[in-house]
Amino acid sequence: MLAVILSGGSGTRLWPLSREAYPKQFLPVVSDDTLLAETIDRGLALGDKARVMAITNEEHRFVVAAHLQAQAPERSAGIILEPVGRNTAPAIALAALAAAEENPEELLLVMPSDHVLKSPDVFRQAVSQGAEAAREGKLVTFGIVPNAPHTGYGYIKAGQAHEGYNDVAAFVEKPDEDTARRYLEEGDYFWNSGMFLFRADRYLQELESQQPEMIKACRAAWKERNTDMDFTRVGVDAFKACPDDSIDYAVMEKTRDAVVVPLDAGWSDVGSWSALWDIQPHDENNNVCRGDVITEDVSGSYIHSEGRLIAALGITDHVIVETDDVVLVADRNRVQDVKKLVAQVKAQGRHEHRFHKKVHRPWGTYEGIAMGERFQVKRITVKPGASLSLQKHHHRAEHWVVVKGTATVNRGDDVLLLTEDQSTYIPLGVTHRLTNPGVIPLELIEVQTGSYLGEDDIVRFEDTYNRV
């Protein structure tokens, strides 16, 4: 079985904790592990021969790769990069084309990277039940047994029962509350989980039948693929020509072979702050508090501190989230509208919708400490053995002070070896490179000065990570 993990996302639902460049699957929002790490573990737990493949984009590729390298170095089936987003149906088609080259009947278990499942054993049992149907050519989806009349999910109506699964009678759009209550009472409706299981060749056959233009574009893009480190890049123009559609609309609602396996495993898509409040343990006042939090006369609230003390008094049903650059305060019943705040941030030309104060790069991280007119101070951390690109800047000079570890610095024709408390100056326009030759992280303070300090003031000559 091949676990296909879909790792995209815009980072708006759990903003400001998640951002466009670092969405929720890369965060430990429920446990000490990230949601992506938990999803990879679910894939690996399917059996000793199970493999894991990820579908992601250019921006997130190195974070996904780091997860796979850490968790599944021997069982990774690679990472496919989408040059543009075209929804789930084409993404899964690329995975099916890759799998079919080795084994057309390989089972693909498709999972979003940002869901929570509290009962992994129950999930594995459901997958085992679905695998029997999938081997026979059925296209399996997993229907979550509802515990409330939720209006934020699509529903699946179960039809004729078989051993371990039901035929799908219908896919139903998100209902109003009265309709959702009726679904709950009738008992043959399930929440649509967005997880699927089928043979690679069967999915491709359905695309040939239902979406010929889509599979044509995907085949053309796959034919033009090339390999770059851990990544497979598909043909850009061919994939851009692909229709944009979800697997639900493109395939599952049209095929005659859709079946549903009931799943009652503590599932959540963590689609909002209220959803996160729902699935976390509550204290005696029905609150969920994480980090440095004190409360007085507070109930029904989710309060999350990333660093500073949050002191809350006399509030009910609120969400308060503190990061190092944003504080969100919201009515818990209005958190679906957080995206409206994100839209305002974008419209104002700010950057808090896109980046955290600590920005992740394939070589490590950087974090803004101070900024003023014509200067900026950053804390830079470089992973052991990692190297920044060979580069220069047109508008700024830089002063580096090593505070931990060892740095190799290429500066023009000079090569310097710096240790703790040593420093160097990089004049404007001089070609330079920073490398960590040691076995511990390199930490340094960078002071930038100049007329323009934007991240786009960079000319790369060589780059280990093949960035532009």
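User: What joins strand E20 to strand E21, and through how many residues?

Analyst: A hairpin makes that connection, passing from E20 to E21 through 2 residues. The names come from DSSP runs numbered from the N terminus, with at least four residues for a helix (H or I) and at least two for a strand (E). This is a predicted model, in which local features need pLDDT of at least 70 and side-chain atom pairs count only at pLDDT 80 or more, while totals for chains, interfaces and linings use all residues. Residues are numbered from 1 along each chain as its sequence is written, and side-chain values use heavy atoms, leaving out hydrogens and water.

User: What makes E20 and E21 a pair?

Analyst: Two strands pair if DSSP finds at least two bridges between them. E20 and E21 run antiparallel and are joined by 4 bridges, so the condition of at least two is met. One of the partnerships links Arg361 with Gly364 of E21.

User: How many bridges support the pairing of E21 with E22?

Analyst: Strand E21 (residues 364-372) and strand E22 (residues 375-382) are paired over 8 bridges, in the antiparallel sense. Among the bridge partners, Gly372 is matched with Phe375 of E22.

User: Why are E20 and E27 called edge strands?

Analyst: Both belong to an open sheet of 6 strands, ordered E20-E21-E22-E29-E24-E27 with antiparallel pairing. Strand E20 (358-361) and strand E27 (423-426) each pair on one side only, and they are the edge strands. On average, neighbouring strands of this sheet are turned by 20° against each other, direction ignored.

User: What leaves one side of E14 and of E19 without a neighbour in the sheet?

Analyst: An open sheet of 4 strands has the order E14-E16-E18-E19, and its pairing is mixed. Strand E14 (288-290) and strand E19 (327-331) stand at its edges with a single partner strand each, so each has one side without a neighbour in the sheet. Here the average turn between neighbouring strands is 5°, direction ignored. E14 pairs with strand E16 (residues 302-305) in the parallel sense over 3 bridges, and the bridge partner of Cys289 in E16 is Ile303.

User: Why is helix H3 described as oblique to helix H7?

Analyst: The axes of H3 (residues 88-102) and H7 (residues 212-223) come within 10 Å and cross at roughly 55°. Axes are lines fitted to C-alpha atoms, for helices over the stretch in contact, and the angle runs from 0 to 180 degrees between N-to-C directions. Angles under 35 degrees count as roughly parallel, over 145 as roughly antiparallel and 65 to 115 as roughly perpendicular, with the rest oblique; the crossing angle therefore makes H3 oblique to H7.

User: Which residues make the contact of H3 with H7?

Analyst: From H3 come Ala89, Pro90, Ala93, Leu94, Leu97, Ala98 and Glu101, and from H7 come Met214, Cys218, Arg219 and Trp222, where contact means heavy atoms within 4.5 Å.

User: What makes H6 oblique to H7?

Analyst: The axes of helix H6 (residues 200-210) and H7 come within 5 Å, crossing at roughly 125°, and that makes H6 oblique to H7. The contact involves Leu204, Leu207, Glu208, Ser209 and Gln210 of H6, together with Pro212, Met214, Ile215 and Arg219 of H7.

User: Why is Leu81 called buried?

Analyst: Buried means under 20% relative accessible area, whereas exposed means over 50% and partly exposed lies in between (1.4 Å probe, protein chains only). Leu81 has a relative accessible area of 2%, so it counts as buried. Leu81 is found in strand E3 (residues 76-82) and touches Thr56, Asn57, Glu58, Arg61, Phe231, Thr232, Arg233 and Val234, not counting residues up to four places away in sequence. Leu81 and Thr56 are 25 residues apart in sequence and 5.2 Å apart in space, C-alpha to C-alpha.

User: Is Arg42 buried or exposed, and what value decides this?

Analyst: Arg42 has a relative accessible area of 8% and is therefore buried. Arg42 lies in helix H1 (residues 35-44), and leaving aside neighbours within four places in sequence, Arg42 is in contact with Met111, His115, Leu117 and Phe123.

User: Which residues of H6 are buried?

Analyst: The buried residues of H6 are Ala200, Asp201, Arg202, Tyr203, Leu204, Glu206 and Leu207. These residues pack against several elements, including H3, H7 and strand E9 (189-199).
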